[in-house]
Amino acid sequence: MNAIFGPIVAWTLVRYRIPGSRILDGLIDIPFALPTAVAGITLTTLYAESGWIGSLLAPLGIRVAYTQIGIVVALVFVGLPFVVRTVQPVLEDFPSETEEAAALLGASRWQTIRRVVLPALYPAIATGALLSFARCVGEYGSVVFIAGNMPLETEILPLLIITRLEQYQYPEATAIAAAMMLVSFALLLLGNRLQSRLSGKVSR
């Protein structure tokens, strides 16, 4: 989801001058500056059935807080800035003359985006998405409150580690933590390799 919405937000910030765009640009960095526990409590308050957003969704039969949907909302909130801030500088440096040349050669707007713009953005999108996912693997503070931590439904791995530590089950906590670390490390390696490969294709 961040790989889809991140480039859209970055495109909007770079290509359009809408009222409040600077405020929106600043809001993108809130997950970096805001303590994760504060973010989790805020999201839970907003998306609970009595919250501002949750009260609008409840009549439609949509529950967000204390469900798997809530986990997705929290992780999108936390991970979106990684994609936006990775794609944004690439878009800013992308020469507009390239798009104009494609248009002069008869390409439609969609063809220009699909065949000219997106290939140049693929390395940044892939890197940002993998960084976002690596961050989400170990996210705790922003997720633990809105998840509700119902066994076998909305439990998250960091909570399992804390539970095992409280029960003095150190080998199990270490095994879970090691698995998370290996996944994050593998994602970072994959991101570097993917970026190099995509960058090579774009340059050719």
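The dialogue below goes through ring pairs, salt bridges and open spaces in a predicted model.

Student: How many aromatic pairs are there, and what makes Phe 32 and Phe 82 one of them?

Tutor: The count comes to two aromatic pairs. The ring centres of Phe 32 and Phe 82 are 5.2 Å apart, and since rings pair if their centres lie within 6.5 Å, these two qualify as a pair.

Student: Why is the pair of Phe 32 and Phe 82 called edge-to-face?

Tutor: There are 90 degrees between the planes of Phe 32 and Phe 82, and an angle over 60 degrees counts as edge-to-face, so the pair takes that name. Phe 32 lies in helix H3 (residues 30-33) and Phe 82 in helix H6 (residues 68-93), so the pair ties together parts that are 50 residues apart in sequence.

Student: Is Phe 32 called buried, exposed or partly exposed, and why?

Tutor: The relative accessibility of Phe 32 is 41%, and because buried means under 20% and exposed means over 50%, Phe 32 counts as partly exposed.

Student: How do you know that Tyr 168 and Tyr 170 form a pair, and of which kind?

Tutor: Their ring centres are 6.2 Å apart, set against a limit of 6.5 Å, and their planes stand at 80 degrees, where over 60 is what the name requires, so this pair is edge-to-face.

Student: What class of accessibility does Tyr 168 have, and what class does Tyr 170 have?

Tutor: Tyr 168 has a relative accessible area of 63%, and because the cut-off for exposed is over 50%, Tyr 168 is exposed. Tyr 170, at 45% relative accessibility, falls between the two cut-offs of 20% and 50%, and therefore counts as partly exposed.

Student: How do you know that the charged end of Arg 15 sits over the ring of Trp 11?

Tutor: The charged end of Arg 15 is 4.5 Å from the centre of the Trp 11 ring, and the distance limit is within 6 Å; there is also a limit on direction, within 35 degrees of the ring normal, and Arg 15 is listed as sitting over the ring.

Student: What makes the contact between Glu 99 and Arg 15 a salt bridge?

Tutor: The N to O distance between their side chains is 2.7 Å, and because a salt bridge needs such atoms within 4 Å, this contact is one. The structure holds seven salt bridges. The pair of Glu 99 and Arg 15 links distant parts of the chain, with Glu 99 in helix H7 (residues 96-104) and Arg 15 in helix H1 (residues 2-15), 84 residues apart.

Student: Why is Glu 99 called buried, and what is Arg 15 called?

Tutor: Glu 99 has 7% relative accessibility, which is under 20%, so Glu 99 counts as buried. Arg 15 has 26%, which lies between 20% and 50%, so Arg 15 counts as partly exposed.

Student: Which other salt bridge does Glu 99 form with Arg 109, and what parts does that pair tie together?

Tutor: The side chains of Arg 109 and Glu 99 meet at 3.0 Å, N to O. Arg 109 lies in helix H8 and Glu 99 in helix H7, so the pair ties together parts that are ten residues apart in sequence. Arg 109 itself, with a relative accessible area of 46%, is partly exposed.

Student: How do you know that Arg 164 and Glu 172 form a salt bridge?

Tutor: Their closest N and O atoms are 2.8 Å apart, and the limit is within 4 Å. Arg 164, at 22% relative accessibility, counts as partly exposed, and Glu 172, at 40%, counts as partly exposed. Salt bridges that share partners join Arg 15, Glu 99 and Arg 109 into one network.

Student: What lines the second largest pocket, and how do its residues divide into nonpolar, polar and charged?

Tutor: The lining consists of Met 1, Leu 43, Tyr 47, Val 72, Val 73, Val 76 and Phe 77, and because Met, Leu, Tyr, Val and Phe count as nonpolar, the division is seven nonpolar, no polar and no charged. About 190 Å³ of space lies in this pocket, and the largest share of its lining, four residues, comes from H6.

Notes
Residues numbered from 1 in each chain as written. Predicted model: local features only at pLDDT ≥ 70, side-chain atom pairs only at ≥ 80, totals over all residues. Heavy atoms only, no water. Phe/Tyr/Trp six-rings, centres within 6.5 Å; stacked < 30°, edge-to-face > 60°. Helix = DSSP H or I, 4+ residues; strand = E, 2+ residues; numbered from the N terminus. Buried < 20%, exposed > 50% of the residue type's maximum accessible area, 1.4 Å probe, protein only. 1 Å grid on protein atoms, 1.4 Å probe; cavity = no way out; pocket = protein on both sides within 12 Å on 5 of 7 lines; lining within 4 Å. Points joined across faces, edges and corners; volume = space filled by probe spheres on them.
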